[in-house]
Amino acid sequence: MTALSKPTLIIADDNEELLQFLTDDLSENFEILKARNGKQVIELLNDHQVDLIISDIMMPEIDGYALCAALKSDLEHSHIPIILLTAKNTLEAKIEGIENGADAYVEKPFSPEFLLVQINSLLKNRQNVRNYFLNSPISHVLSIGQNTSDQAFLEKLDQLILANIQNSNLNVDKLAELLHMSRPTLYRKIKSISNLSPNDLINITRLKKAAALLLETDYKIYQISDSVGYSSATHFNRNFQKQFGMTPVEFQEKSKAN
């Protein structure tokens, strides 16, 4: 999803009337992909980058619970928020939805306004977390992980970048090789979680490591820039200021003052 494009949603329901109603209601604000069951959702995910899934629970072939469990345990798709729709209003049904990884639970009958609020809340919260990560020199990459699967992936990714941080040629191809993933899969996963390209994430990791060194050591700026893989202190200073809105020295002085 770019800044100018609509978020893409999958709506899954075997009730054609409800499926069309939700599509008509939400299509002004979102790009809508329709599915009649969980199997079709998985097929759509193979060809589309999706921001959120709305799924009924009672569906043929693969129901909402099974779909939720499958996606939340899959590395490539575990980051996608899922809203489950159901006529079941029992506590047990809600617990089952949460246990399978649902991010929200909406009982039928529901108002379209309520569903829209849930969708926007999930998408806005994700964007707020991403923005804080991007703008804060000390925010850790794990903060953008929406679940334990994403956090485990991000932690491994972070460790690999830090282990190779002095390599100025570190790129997505090298990361894919180290993670035993295909380049396209790794690119999509990083982009979907962080809205960054892998190379952008590598650069931000370098800058955040530099910020930690500014706080924890007495290294000179040129020593820090060299230790995080920059070929020149000038380039490092420029990138740090562009990312965080202050120079390394200003960040250091501000942190000491606080």
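Visitor: With which side chain does the side chain of D150 make a polar contact?
Guide: This is a predicted model. D150 sits in helix α6, which covers residues 148–163. The two side chains in this polar contact are 3.0 Å apart, and the partner of D150 is K189.

Visitor: Is D150 buried or exposed?
Guide: The cut-off for buried is under 20% relative accessible area. D150 has 0% relative accessibility, so D150 counts as buried.

Visitor: Which residues does D150 touch, not counting residues up to four places away in sequence?
Guide: K189, the polar partner of D150, is one of them. Leaving out residues up to four places away in sequence, the list is S78, H79, G145, K189 and I193.

Visitor: How many salt bridges does a search of the whole structure find?
Guide: Side chains of opposite charge can pair when their charged atoms come close. One such salt bridge joins K39 and E61, at 3.8 Å from N to O. A search of the whole structure gives a count of nine.

Visitor: How many residues apart in sequence are the parts that K39 and E61 tie together?
Guide: The side chains of K39 and E61 meet in a salt bridge. K39 belongs to helix α2 (residues 38–45), while E61 is in the loop between β3 (52–56) and α3 (64–72). The pair therefore ties together parts whose separation in sequence is 22 residues.

Visitor: Is E61 buried or exposed?
Guide: Its partner K39 has 39% relative accessibility and so counts as partly exposed. For E61 the relative accessible area is 63%. The cut-off for exposed is over 50%. E61 is therefore exposed.

Visitor: Which side chain meets that of R188 in a salt bridge?
Guide: R188 lies in helix α8 (residues 183–194). Its relative accessible area is 36%, so R188 is partly exposed. The salt bridge spans 2.6 Å from N to O, and the partner of R188 is E76.

Visitor: Where does E76 lie?
Guide: E76 has 21% relative accessibility, so E76 counts as partly exposed. The pair of R188 and E76 ties together parts 112 residues apart in sequence. E76 is in the loop between α3 and β4 (82–86).

Visitor: In which helix do K174 and E177 both lie?
Guide: Their side chains meet in a salt bridge of 3.9 Å, N to O. K174 and E177 are three residues apart, about one turn of the helix. Both lie in residues 172–179, helix α7.

Visitor: Which residues do salt bridges that share partners join into one network?
Guide: Shared partners link these salt bridges into one network. Its members are D13, D56 and K108.

Terms used:
Residues numbered from 1 in each chain as written. Predicted model: local features only at pLDDT ≥ 70, side-chain atom pairs only at ≥ 80, totals over all residues. Heavy atoms only, no water. Helix = DSSP H or I, 4+ residues; strand = E, 2+ residues; numbered from the N terminus. Buried < 20%, exposed > 50% of the residue type's maximum accessible area, 1.4 Å probe, protein only. Polar contact = N/O pair within 3.5 Å; in protein donor to acceptor, adjacent residues only side chain to side chain. Contact = heavy atoms within 4.5 Å. Salt bridge = Lys/Arg side-chain N within 4 Å of Asp/Glu carboxyl O.
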